[in-house]
Amino acid sequence: MDKQQEYVLRAIEERDIRFIRLWFTDVLGQLKSVAIAPAEVESAFEEGIGFDGSAIEGLTRVFESDMLLAPDPSTFQMLPWRTGANSVARMFCDVLTPAGEAVRTDPRAVLERQIARVAEAGFTCYIHPEIEFYLVNRHEDGSISPTDHAGYFDHVAGGTAHEFRRRAILMLEQMGISVEFSHHEGGPGQNEIDLRFADALSMADNIMTFRAVVEEVALQEGCTATFMPKPFVGQPGSGMHTHFSLFEGDRNAFHDPAGQYQLSATGRAFVAGLLHHASEISAVTNQHVNSYKRLWGGDEAPSYICWGRSNRSALVRVPMHKPGKAQSTRIEFRGIDSSANPYLAFAVILAAGLKGIEEGYDLPAEAEDDVWALSDREREALGIAALPTSLKRAVGAMAKSDLVADTLGEDAFEFFMRNKRHEYRAYDAQVTDFELSQFFPKA
């Protein structure tokens, strides 16, 4: 038993923890949980906890149903909303076969495989996300409305969002998750909380924890938190603009003081990889029918495949950093929305960027203008292609992608596409209020 496992067992005893929740996710990014008693934790470390993997969407087939949860002791944290006499802690888990091998469809394993490829290339990846979400009131008729009518950076005296963000951030910090910024976003009831950078696997775990904390605090505040990409017509969608940097030891591989915007050849090739494979990975970074209402709804959402410096209509941005802060050189991928499975999304983004580095992709010219304001002919002349306009088109692009298939693995790839095809076909079969209003206008 290693020192981290010993620390967990000692902490459980000293803090009188009554329940330990083992967390993992399905292929679509839904958080799963099973609670075990303190007496079972040592056995869980040694042998794992058995469960029926075929009952989890996309995880395994019926004839391979016996699976094990192997808790990662480095992720042990108390749940701040479950303290006191019956306190609860959690650990993230890897999903294993009875033989102790990683289940290839486990999203955490998918990301771990890609991180290993990045490491083989000599890099360590660090990630910093800006996570947007809405706070809404749910009504008896099933409709929703925003909890406030504030706007970007607004300070509303006595506003519920201030107290909400304060409580959420305190809980996150109690769980070892550092927060950089928080503020009201552009839409009514919309908020943003930015997490401090961490390595790729830790950040994916942090995002799953973030969602759980935000949803718990919202319930305590008498409202509902939603990570739906576009909950309101005519209002901004909720993205998860994510900053990436690669390091070689202590050196930022994206930094070159002589490069344009101090971006190195490695950084330029990484961006080129993201642009080259953007359509292929879109179904993973934007996995719902509703995701494309955000991408094609304006409000600075990226709809076209290009990059820029201060251009917030671009898919990839190279943010400014303070002079002399070489470690801060990074790229910002603006295509991910807040509902994406972070394990799979980070895996395909790293795969696309690494492909650009390995193959030496050339970075196209920077887009200096608002690409939304350009005509189709102007964009075509600049070589700027469009992202998929729907989940159907995104899945079609993904189906042809060797890169995504190799990154996700055959079984996760096939399940993901099958599930997404079912989603867009079910959506296509709906008769919407918009259609009814065309034929039956109000008197």
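Here are two short exercises on the pockets of the structure above.

This is a predicted model, in which local features need pLDDT of at least 70, side-chain atom pairs count only at pLDDT 80 or more, and totals for chains, interfaces and linings use all residues. Residues are numbered from 1 along each chain as its sequence is written, and side-chain values use heavy atoms, with hydrogens and water left out.

**Exercise 1.** Describe the lining of the largest pocket.

*Step 1.* Start with the term: on a 1 Å grid over the protein atoms alone, a pocket is an open set of points where a 1.4 Å probe fits, with protein on both sides within 12 Å along at least five of seven lines, and lining residues have an atom within 4 Å of a point.

*Step 2.* Now find the centre: among the 46 lining residues, His 128, Glu 130, Asp 194, His 243 and Arg 330 lie nearest to it.

*Step 3.* Sort by class (Ala, Val, Leu, Ile, Met, Phe, Trp, Tyr, Cys and Pro are nonpolar; Asp, Glu, Lys and Arg charged; the others, Gly among them, polar). The largest pocket's lining has 18 charged, 16 polar and 12 nonpolar residues.

**Exercise 2.** Where does the second largest pocket lie with respect to domain 1 and domain 2?

*Step 1.* Look at the centre: of 26 lining residues, Gly 29, Gln 30, Leu 31, Arg 211 and Glu 215 are the closest.

*Step 2.* Check the domains (bounds from an automatic or database domain assignment). Domain 1 (3–102) and domain 2 (112–435) both contribute lining residues, so the second largest pocket lies between them.

*Step 3.* Finish with the classes: this second lining has 12 nonpolar, 9 polar and 5 charged residues.
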